[in-house]
Amino acid sequence: MKFARFLVLTIAIIPTVALADISGSYSKKNAVAELKQQGKAVEFSINSSVGQNICELEGVATMIDENRAAFSPSDKADKCVAVLNLTGGQLKVTTKDCDSYCGLNASGSMDGQYKKKK
């Protein structure tokens, strides 16, 4: 009986432990991302640029599994979706319909592979 209780507690803790290392600063050429995890919520901000045009997106993403968090604005008219994929100390950002957060030539500049800053 003690083993069963231990197993249930261990399984309940595993997702929390697996998610504990995603907070931090990430960067790639002409872009930075800041993440702060609070349980299954991930506060984030992403800033990127192409020349003098910038993209800025911030909000709260929800963990959808142990490696991915997804964001969509509370305004249903805004179709922007961002997926934050966190593996091996790296962040892969994929956005769709987020052009309204970007200057004219910066659309798509938030997407890509970011490395975690130490």
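## Contacts across the chain

Among contacts in the chain between residues at least 6 apart in sequence, what percentage join residues at least 24 apart? The figure is 37%. Keep in mind as you look around that this is a predicted model.

Here is the basic layout. The chain has one helix and eight strands, and reading along the sequence gives the pattern α-β-β-β-β-β-β-β-β. There are 118 residues in the chain, and buried ones make up 29% of them. As for the surface, the chain exposes about 7,600 Å², with carbon and sulfur atoms supplying 56% of that.

## How confident is the prediction?

Average pLDDT for the chain is 85, and 82% of the residues score at least 70. Go element by element and the two extremes are helix H1 and strand S3: H1 (residues 2-19) has the lowest mean pLDDT, at 43, while S3 has the highest, at 97. Over residues 1-20 the pLDDT is below 50, and this stretch has six contacts in the model beyond near neighbours in sequence. So that you know what the score stands for, pLDDT is the predictor's confidence in each residue, from 0 to 100.

## The nonpolar core

In soluble globular proteins, nonpolar side chains tend to be buried together. In this model, the largest nonpolar core has 25 residues. Several strands chip in: S2 (31-38), S3, S4 (53-63), S5, S6 (81-87) and S7 each supply at least two residues of this core. S4 gives the largest share, with four residues.

Leu 91 and Tyr 114 are the residues with the most contacts inside the core. Follow Leu 91 and you'll find quite a list of partners. Leaving out residues up to four places away in sequence, Leu 91 touches Tyr 26, Ala 33, Leu 35, Leu 84, Asn 85, Leu 86, Gly 112, Gln 113 and Tyr 114.

## A pair of rings

How many aromatic pairs does the count come to? The count is one. The partners are Phe 44 and Phe 71, whose ring centres sit 5.2 Å apart with 75° between the planes. The pair counts as edge-to-face because its planes are over 60 degrees apart.

Phe 44 belongs to strand S3 (residues 41-50) and Phe 71 to strand S5 (residues 68-71), so the pair ties together parts that are 27 residues apart in sequence. Both Phe 44 and Phe 71 are buried.

## Two buried polar residues

Next up is Thr 95, in strand S7 (residues 90-96). Is Thr 95 buried or exposed? Thr 95 counts as buried because its relative accessibility is 17%, and the cut-off for buried is under 20%. Its side chain makes a polar contact with the side chain of Asp 111, at 2.6 Å. Setting aside neighbours within four places in sequence, Thr 95 is in contact with Val 81, Ala 82, Met 110 and Asp 111.

Gln 37, in strand S2, also counts as buried, at 16% relative accessibility. A polar atom of the Gln 37 side chain lies 2.6 Å from the backbone oxygen of Gly 39.

## Asp 65 in its loop

Now head to the loop between S4 and S5, where Asp 65 lies. With a relative accessible area of 33%, Asp 65 is partly exposed. What does the side chain of Asp 65 reach at 2.9 Å? That would be the backbone nitrogen of Asn 67. The side chains of Asp 65 and Arg 68 are also joined, by a polar contact of 2.8 Å.

Asp 65 can be placed against Asn 85 too: the two are 20 residues apart in sequence, and their C-alpha atoms are 9.7 Å apart in space. Asn 85 came up earlier, as one of the residues touched by Leu 91.

## Out at Lys 115

Finish at strand S8 (residues 112-116), the place of Lys 115. This residue counts as exposed because its relative accessible area is 55%, and the cut-off for exposed is over 50%.

Which residues does Lys 115 touch, not counting those up to four places away in sequence? They are Ser 25, Tyr 26, Ser 27, Gly 89 and Gln 90. Tyr 26 is also among the residues that Leu 91 touches. From C-alpha to C-alpha, Lys 115 and Val 32 are 9.4 Å apart in space, though 83 residues apart in sequence.

Definitions and conventions
Residues are numbered from 1 along each chain as its sequence is written. This is a predicted model: local features need pLDDT of at least 70, side-chain atom pairs count only at pLDDT 80 or more; totals for chains, interfaces and linings use all residues. Side-chain values use heavy atoms; hydrogens and water are left out. Rings of Phe, Tyr and Trp (its six-membered ring) pair if their centres lie within 6.5 Å; planes under 30 degrees apart count as stacked, over 60 as edge-to-face and the rest as tilted. Buried means under 20% relative accessible area, exposed over 50%, partly exposed in between (1.4 Å probe, protein chains only). A polar contact is a pair of N or O atoms within 3.5 Å; within protein, one must be able to donate a hydrogen and the other to accept it, and residues adjacent in sequence count only if both atoms are side-chain atoms. Contact means heavy atoms within 4.5 Å. Accessible areas come from the Shrake-Rupley method with a 1.4 Å probe; for residues, only the protein chains shown count as cover. A nonpolar core is a set of buried Ala, Val, Leu, Ile, Met, Phe, Trp, Tyr and Cys residues joined through side-chain atoms within 4.5 Å.
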